[in-house]
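This report covers pockets and ligand surroundings. The sequence and structure come first.

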Amino acid sequence: EKDGYDYFMLKEIAEQPKAVADTLLGRIDGSGVLSLDEVRISEEVLREVDKVVIVACGTAYHAGMIAKYAIEHWTRIPCETELASEFRYRDPILDRRTLVIAISQSGETMDTLMALRHAREQGAKVLAICNTNGSTIPRESDAVLYTHAGPEVAVASTKAFLTQLVACYLVALYLAQVRGNKWGDEIRDVVRELAAIGDQVRQVLGTMEPVRELARGLADKNTVLFLGRHVGYPVALEGALKLKELAYMHAEGFAAGELKHGPIALIEDDVPVVVVVPSPRGRSVLHDKIVSNIQEIRARGARTIVIAEEGDEAVVPYADHLVRIPRTPVLLQPMVSAVPLQVFACELATARGNEVDQPRNLAKSVTVE
Ligand code: F6R
């Protein structure tokens, strides 16, 4: 059932273009209009929403962090993303006009379930984004948008993450459509580019051999750091999480702008630092700032592993290793930049002799708080 792959994780990484396409299937019509009839929250209620709160754990939380950028940009509704395990313990402000989005691959994560129960008790509407039909989280929610990743067997989440992003973008674009705000050329373009993203993921998958080789060469390191900005920041966190769970290495993700506020003290000779570079188009100020960060850490001895868009030449002089990703709209970049980080972690785990599909101390679904 591993279809010739050594690990389920490898198979699931390879399945991502299909998982993404399946999650889009039937949800966008030929003229770029979204139809999410399955989300049985009336358009009237969605038009009244004045706050979105996303709750999730682990990898799903990282998808939620990325979704915040998309929801606020496209809908102008304030959105916060919170760890499900923290949420109900701080007496969050919720009412009937709050839309809570609970993201969970398994649909059984107790922390997320308790967060959504708390939200519903306060009168908020809860939309689940879930990969498991009929699981507890969608059953207890007001509505559900299923991701169609297919069964995810490896403990480390990969294809579920990409489909969670797709589902979040669909919700964000649908909210924008229903509310009629900012519904213009940009959103139509994004809908079109979202439909093309599966092919771009396939393209990335076809260029991963140098990433594998690089990972094998780092097998005796103790620490790997990850930097990102904007939507690349949660991607950095996700890259670090994958490496912790699979390679059992000390891995930390930082917002690149925070570097000078502390983490730069960690930079020493030959420490590998993976940098997720924002597009030089779009928010180009951020791009330039991160290029300076790469220069700074390299001057202090870091071994820089740079993930940057095709055509981004500014990073070339400072990249010890350069991983190219295709051009995408700014907000969609995590769909392609996360993939090399998955491959990197999987290969490092293999090189260190770890059990890739069943990392120590972890379970696929965490049904205790
Ligand atoms: C990371 C991972 C975990 C899960 C988290 C949430 O690779 O697998 O961090 O993402 O436990 O699980 P779900 O999505 O099932 O609620």
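## Largest pocket

Helix H4 contributes three residues to the lining of the largest pocket, the largest share from one element. Helices (H or I, at least four residues) and strands (E, at least two) are DSSP runs, numbered from the N terminus. The structure is a predicted model, in which local features need pLDDT of at least 70 and side-chain atom pairs count only at pLDDT 80 or more, while totals for chains, interfaces and linings use all residues. Residues are numbered from 1 along each chain as its sequence is written, and side-chain values use heavy atoms, with hydrogens and water left out.

The volume of the largest pocket is about 530 Å³, taken as the space filled by probe spheres set on grid points that are joined across faces, edges and corners. Two or more lining residues come from each of H4, strand E3 (98-104), helix H6 (110-121) and H11. A pocket here is an open set of points on a 1 Å grid over the protein atoms alone, where a 1.4 Å probe fits, with protein on both sides within 12 Å along at least five of seven lines; lining residues have an atom within 4 Å of a point. The lining counts 23 residues, and Cys57, Gly58, Thr59, Lys364 and Val366 lie nearest the centre. By class there are eight nonpolar, 11 polar and four charged residues, where Ala, Val, Leu, Ile, Met, Phe, Trp, Tyr, Cys and Pro count as nonpolar, Asp, Glu, Lys and Arg as charged, and the others, Gly among them, as polar.

## Ligand

The ligand sits in the largest pocket (more than half of its atoms lie within 2 Å of the grid points). Around the ligand are 13 residues (a heavy atom within 4 Å), and the closest are Ser104, Gln105, Ser106, Thr109 and Glu245. This shell has four nonpolar, seven polar and two charged residues. Helices H4 (58-75) and H11 (232-247) each supply at least two of them, and H4 gives the most, with three.

Polar side-chain atoms of three residues lie beside ligand oxygen atoms: serine 104 at 2.6 Å, threonine 109 at 2.5 Å and glutamate 245 at 2.4 Å. The protein buries 89% of the 410 Å² that the ligand exposes when taken alone (Shrake-Rupley method, 1.4 Å probe).

## Second largest pocket

The second largest pocket holds about 160 Å³ of space. Its lining consists of Tyr5, Leu10, Ile13, Ala14, Leu205, Arg212 and Val343, or six nonpolar, no polar and one charged by class. Helix H1 (residues 8-14) provides the largest share, three residues.

Technical notes. Polar contact = N/O pair within 3.5 Å; in protein donor to acceptor, adjacent residues only side chain to side chain.
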